[in-house]
Amino acid sequence: MAKIVQILLKRAGRRRGEDAHRIILRELLLEKDNKTANRELFQFIAEKSMDILYEFDARHISNLAYAYALIEYVPQISHPHLFEAMGDQVVAQDHLRDFRPQALSNIVWAYATAGVSHPILFEKVTNHIVELKSLDRFTHPQDLSNIVWAYATAGDSHPILFEKIANHIVGLKSLDRFTHPQDVSNTAWAYATARVKHPKLFEKLANHVVRLDHLRDFRPQALSNIVWAYATAGVNHLHLFEKLANHIIAHDHLREFSPQNLSNIVWAYATAGVNHPKLFEKMANYIVQLDHLIKFKPQELSNTVWAYATAQVSHPKMFQQVAKAAIQHKEEFISQHVANLLWSYATLGINDKQLFSSFVPTAVQLIDSYNNQGLANVAWAYAVADVDAPTLFNDRFIDKCLEKKDGFSLVDLSQLHQWHLWQTKEKLFAGLPEELQDRCYKAFISEEPTPSKFQDDVVEQLSSIGLVPKEEELLDCGYRIDAIVEVNGKTIVVEVDGPSHFVGKSKSPTGSTILKRRQVPAIDKIELVSVPYWEWNKLGKSQAKKQEYLCRLLGLDN
C-alpha cells in the first residue's frame, strides 16, 4: 500500500485517461488534497498492528517500519507509539539471525527516514552485523549503502560497524553489482557525514565510477553527494572529479540540478582544491540565465559565492544576481552565511556597496552568534569594501572580540589588524584595545618573506637604473613592502604583483591587493606603484626594455 501511495503521489494531477482502478486507489489511499497519504487509514492500520505486534516476524516488522517511513508518516497512538514498540520488539529478540540483510537495512533506513531515534535498536543491529564472520550474505549493495546511510542520517556513530562494512566492500573483487548510482553516492555520503575515515573505501568507489563507460544514470543528487562526500572527507581523487565535471559540462542544460546540487558541487570542487574553470563557468552561466533565485536558500547563495571566491573564479554577472537575491532575503541569513557571503565578495575585490550597506542591520542582529572566524571575516570584508558601519563596529563588536580573544587564529588576527588600521587610521574610529591590537600586529608581521624570481628581477633592474632598492621593508602600519626606493627625494613603494595578487587569470586585483594598495598610501603617506606580472612578461628578456619600463613608472624618463 505504501508503495502504491508513492506512485499515486508522483502522478498527482495527471488524471486524464486515468483508469478506474487508479481512481479507486486514489480515493482510498490519499487525502483529498492528493498530496499526502490517508492518515486515518494508516492510523487505523497502526492501531491494529499494535494489538498483534508480538505475532510479527522479522520480515513483517521491517516491512511495517519501511512502509510508514516511505509515506513519511509516524503514527502517534499512545505511549509507546508504533515505532518505539517495533524497535522494542526487535531489541527483545535473543538474536537477529532470522533478519535477512534486506530486513535489517529496511528497519534502520525506516527509523532514519522517519526521524525516529531508537539508540538501543541501532546498537542491537550494529552488534549483530559486527559479530558476523563475513558479510557475504549481503549480496545487494543497496542493503549496505542503506545501512550506513541510516546510521549517518540518524547521527548514530558506530565506527566498528562502518569499518566492517568498508572492509567488506574493499575486499570485493569488483563493484560490478553497484549498478545503481545511489548505492555509490549514499555510501560515500554516509562515511563523510559520519566522519569515518577509510581511504581504501573511497579509492575503491572512485575507481569504480571512473571506469564506467558513462554517467548517464547518475542523477544530479548522486553527482552532488559524491563530490560533496569526497571534499568533506578530504579525499582528493582527481580522476573522479575530472570525470564528473566533464559529465556535467556535457549537459545541454542544468534544469534538473536543484540549488543545493549546484552549490554543493562548486563548494566541493573549491574545498578539494580541484581547478575546473569550465565547470564553474557552466554553473555560473546557468544561474545567470534564471529569472530569479527565489529557490536558493541563504546557505546555497553563500556557499556558491564562497566556492567561486575560494577557487578564485570571477563571474561578475552571477555575483550581481546573487547579491540581489541575498539582499531580498537578508533576514533569513544566519551568522555563518553572512560571514561567508561578505568575505567572498571582498576576497574577489567585488565592491558591491549596496550589498554591504544592506547587510549592516543583519550583521548587527547576529553579533552574538559569530564564531572567531566569522567575526574576523566580517570585519575584514567591510575594511576591503570601505563601507562605514558604525552600528556594527562599536563597543559591542570590540567586546565580542575580547570575549573570543583566545580563539582567534593567525589569519583571524591578521584580518583584525587590517580592520583596526581601517577603523583607526583611515576612518578615525575606535579600534581594538592595546593588548589585542598588539597580538594582531604581531600575527600580521609574522609571515616570513619569500621573494620570488619575479621580485628579484625587478629589484635587479631597479639597481641597474641607479636606484638603491630596499627589499622586504616593514612599514610602521605592519605591511611588508617588496621594494622601496628614493626617487628625486621622494619615497616610492614598488609592489611586484605576481599572479596570486589577482583573481584567477584575470587582471582584477584581489581584495587583499586592493586593501594594501589603499592602506599603504593612506596610512604611511607613501606613494605606491605596481608592477603587474603580465606587463613585465611582455618585456621578455630585454634588460633595456625592463629598465625603460621602470624609469617611466617612477617618473625617471624625463
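Trainee: At about what angle does helix 25 (residues 453-464) run to strand 3?
Mentor: Keep in mind that this is a predicted model, where local features need pLDDT of at least 70, side-chain atom pairs count only at pLDDT 80 or more, and totals for chains, interfaces and linings use all residues. Residues are numbered from 1 along each chain as its sequence is written, and side-chain values use heavy atoms, leaving out hydrogens and water. Helix 25 lies across strand 1, strand 2 (480-487), strand 3 and strand 4. Taking angles from 0 to 180 degrees between N-to-C directions, with axes fitted to C-alpha atoms, for helices over the stretch in contact, helix 25 runs to strand 3 at about 150°.

Trainee: How many helices does the chain have?
Mentor: Helices (H or I, at least four residues) and strands (E, at least two) are DSSP runs, numbered from the N terminus. Beside its four strands, the chain has helices numbering 28.

Trainee: Which strands stand at the edges of the sheet?
Mentor: The sheet is open, with four strands in the order 1-2-3-4 and mixed pairing (strands pair if DSSP finds at least two bridges between them). Two of the strands have a single partner each, so one side of each lacks a neighbour in the sheet. Those edge strands are strand 1 (470-474) and strand 4 (527-532).

Trainee: What is the bridge partner of Val494 in strand 4?
Mentor: Strand 3 (residues 490-497) and strand 4 run parallel, and six bridges join them. For Val494, the partner in strand 4 is Val529.

Trainee: Are helix 25 and helix 28 roughly perpendicular or roughly parallel to each other?
Mentor: Their axes come within 9 Å, with helix 28 covering residues 543-554, and cross at roughly 80°. Among the residues making the contact (heavy atoms within 4.5 Å) are Leu462 of helix 25 and Leu550 of helix 28. Angles under 35 degrees count as roughly parallel, over 145 as roughly antiparallel, 65 to 115 as roughly perpendicular and the rest as oblique. Therefore helix 25 and helix 28 are roughly perpendicular.

Trainee: What handedness does the crossing of helix 14 and helix 16 have?
Mentor: Helix 14 (residues 259-272) and helix 16 (residues 298-310) have axes that come within 8 Å and cross at roughly 30°. That makes helix 14 roughly parallel to helix 16. Trp267 of helix 14 and Trp306 of helix 16 are among the residues making the contact. A crossing is left-handed if the near helix is turned anticlockwise from the far one by less than a right angle, right-handed if clockwise, and this one is left-handed.

Trainee: What relative accessibility does Leu104 have?
Mentor: Leu104 sits in helix 6 (residues 101-114). Not counting residues up to four places away in sequence, Leu104 touches Leu96, Phe99, Val125, His128, Ile129 and Phe138. Buried means under 20% relative accessible area, exposed over 50% and partly exposed in between (1.4 Å probe, protein chains only). Leu104 counts as buried, because its relative accessibility is 1%.

Trainee: And is His168 buried or exposed?
Mentor: His168 belongs to helix 9 (residues 159-171). Leaving aside neighbours within four places in sequence, its contacts are Leu135, Asp136, Phe138 and Leu144. With a relative accessible area of 13%, His168 is buried.

Trainee: Of the 558 residues of the chain, what percentage count as buried?
Mentor: Leu104 is one buried residue, and His168 is another. Across the 558 residues of the chain, the buried share is 52%.
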